[in-house]
Amino acid sequence: MRGIVNRGSVGAQVPSLRRREKRGALLIIFSICSFFPAQLFAAEAVGSVTAVQKEARVARDGKNALFLVKGGDPVLFRDTYRTGIQSKIKMLFEDDSILSLGEKSEIRITENIYDPADNQRSMTAQVLSGSLRALVGKIFSGSGSKFEIHTPTAVAAARGTYFIVWLTEIDGKPATGVVSLQGEVAARNADAEISREVLLTEKLYTLVGEGRFPTPPSVIPPDLLAGLTEATEVEDRVEEPLANVEEGEQVDRKEAGLPILFPAGLGAAPNIPPIAQEPIQKEFIARTPARVEIQFP
């Protein structure tokens, strides 16, 4: 009898072990899902793309792969949108706010909380290059509600308003311009230690340079306002992309017509005739008058 193996009993044990292993695996998956709900599988849309001119790209969830932007595409948390030459896009968010991105620009959605039941909306977008027009759809008074546009040098906080933010340079250093088209918008330096804030009303603008307080609010020159308005005007139409860059392909930014970013995250300044800059107040860190050169292609 020695050496006889009860194959029936062994065969019965193997499926039993496999069933236990499967149950264990399912239990682990269920446990993970309970800690990381829907975000584990798909990000929820916070808005949609309503207009596209020429070709634009989007990078999802902080990754480098670029995808063509198409009309009707969902806007997701942590999306980064990039426009090239003559390329613009418009996005409509759940709270009825609208962001219009000018050509050779880059923006990242860094925060979006929308809870109409609690009258709460917290929206933050980071402009890394170019220009952006923002129309705030509604005013929310719930705890923590805000609507902010961040740049490498400034923070623009809307208070139920319509405004433009653009990146430029002052004396060869990064700077941000903010102008109110309607309503009020507060502007301050991105450095929290430079705490002075200015309040802009219709057609008033400020410039926030690296390491400086915002310049005193002043009436924006008509030529500058016209250039900024044109740069961020996006027609309500959708153009089919030429698809000269495959979706998901790692692309060279220059060849794709995308802005070339400096280490600070700034692209080339827009091109508009130079405008005289008011002398900087004595409290400013830099104490010399400056000329601002803004260029739109």
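Select aspartate 96 to start: at 42% relative accessibility, this residue counts as partly exposed. The model is predicted.

**Stop 1: the loop after strand 6**

Aspartate 96 lies in the loop between strand 6 and strand 7. Check its backbone. Phi is near 75°, a positive value in a residue other than glycine.

Now step back to aspartate 95. The loop that holds aspartate 95 runs between strand 6 (88-93) and strand 7 (98-101). Is aspartate 95 buried or exposed? It is buried, because its relative accessible area is 5% and the cut-off for buried is under 20%. Show side chains and add arginine 121. A polar contact of 2.2 Å joins the side chains of aspartate 95 and arginine 121. Then display the other residues that aspartate 95 touches. Leaving out residues up to four places away in sequence, aspartate 95 touches Tyr114, Arg121, Gly137, Lys138 and Phe140.

**Stop 2: the whole chain**

Zoom out and switch to cartoon. The protein chain has two helices and 20 strands. Of its 297 residues, 43% are buried. Colour the surface by element next. The accessible surface of the protein chain is about 15900 Å², and 54% of that belongs to carbon and sulfur atoms. Among contacts between residues at least 6 apart in sequence, 55% join residues at least 24 apart.

**Stop 3: the nine-stranded sheet**

Select the strands in the order 3-2-5-8-9-11-12-15-16. These nine form an open sheet with mixed pairing. Where are the edges? They are strand 3 (66-68) and strand 16 (197-200), each pairing on one side only. Look along the sheet: the twist averages 25° from one strand to the next.

**Stop 4: strand 2 and its two neighbours**

Select residues 56-59, which are strand 2. On one side of the strand are Ala56 and Val58, on the other Arg57 and Ala59, and all are buried. Both faces of strand 2 are therefore covered.

Add strand 5, residues 80-83. Four bridges join strand 2 to strand 5, and the two run antiparallel. Pick out individual partners. Valine 58 has tyrosine 81 as its bridge partner in strand 5, while arginine 57 has arginine 82.

Turn to strand 3. Three bridges join strand 2 to strand 3, again antiparallel. Here valine 58 stands opposite phenylalanine 67. Strand 2 and strand 3 form a hairpin with six residues between them. Stop at aspartate 61 in the turn, where phi is positive, about 55°.

**Stop 5: the approach to strand 5**

Select arginine 78, in the loop between strand 4 (74-76) and strand 5. Its phi is near 75°, a positive value in a residue other than glycine. At 39% relative accessibility, arginine 78 counts as partly exposed.

**Stop 6: the cores**

Hide the cartoon and show side chains. The largest nonpolar core has 34 residues. Which of them touch the most other members? They are Tyr81, Met91, Leu99, Ile107, Phe147, Ile149 and Phe163. Tyr81 is the strand 5 partner of valine 58 from Stop 4.

Centre on isoleucine 107. Not counting residues up to four places away in sequence, isoleucine 107 touches Asp79, Thr80, Tyr81, Met91, Leu99, Leu101, Ala125, Gln126, Val127 and Leu132. Apart from the largest core lies another, of twelve residues. Select Ala175, Val179, Leu225 and Leu228, which are among its members.

Notes: Residues are numbered from 1 along each chain as its sequence is written. This is a predicted model: local features need pLDDT of at least 70, side-chain atom pairs count only at pLDDT 80 or more; totals for chains, interfaces and linings use all residues. Side-chain values use heavy atoms; hydrogens and water are left out. Two strands pair if DSSP finds at least two bridges between them. Axes are lines fitted to C-alpha atoms, for helices over the stretch in contact, and angles run from 0 to 180 degrees between N-to-C directions. A nonpolar core is a set of buried Ala, Val, Leu, Ile, Met, Phe, Trp, Tyr and Cys residues joined through side-chain atoms within 4.5 Å. Buried means under 20% relative accessible area, exposed over 50%, partly exposed in between (1.4 Å probe, protein chains only). Contact means heavy atoms within 4.5 Å. Accessible areas come from the Shrake-Rupley method with a 1.4 Å probe; for residues, only the protein chains shown count as cover. A polar contact is a pair of N or O atoms within 3.5 Å; within protein, one must be able to donate a hydrogen and the other to accept it, and residues adjacent in sequence count only if both atoms are side-chain atoms.
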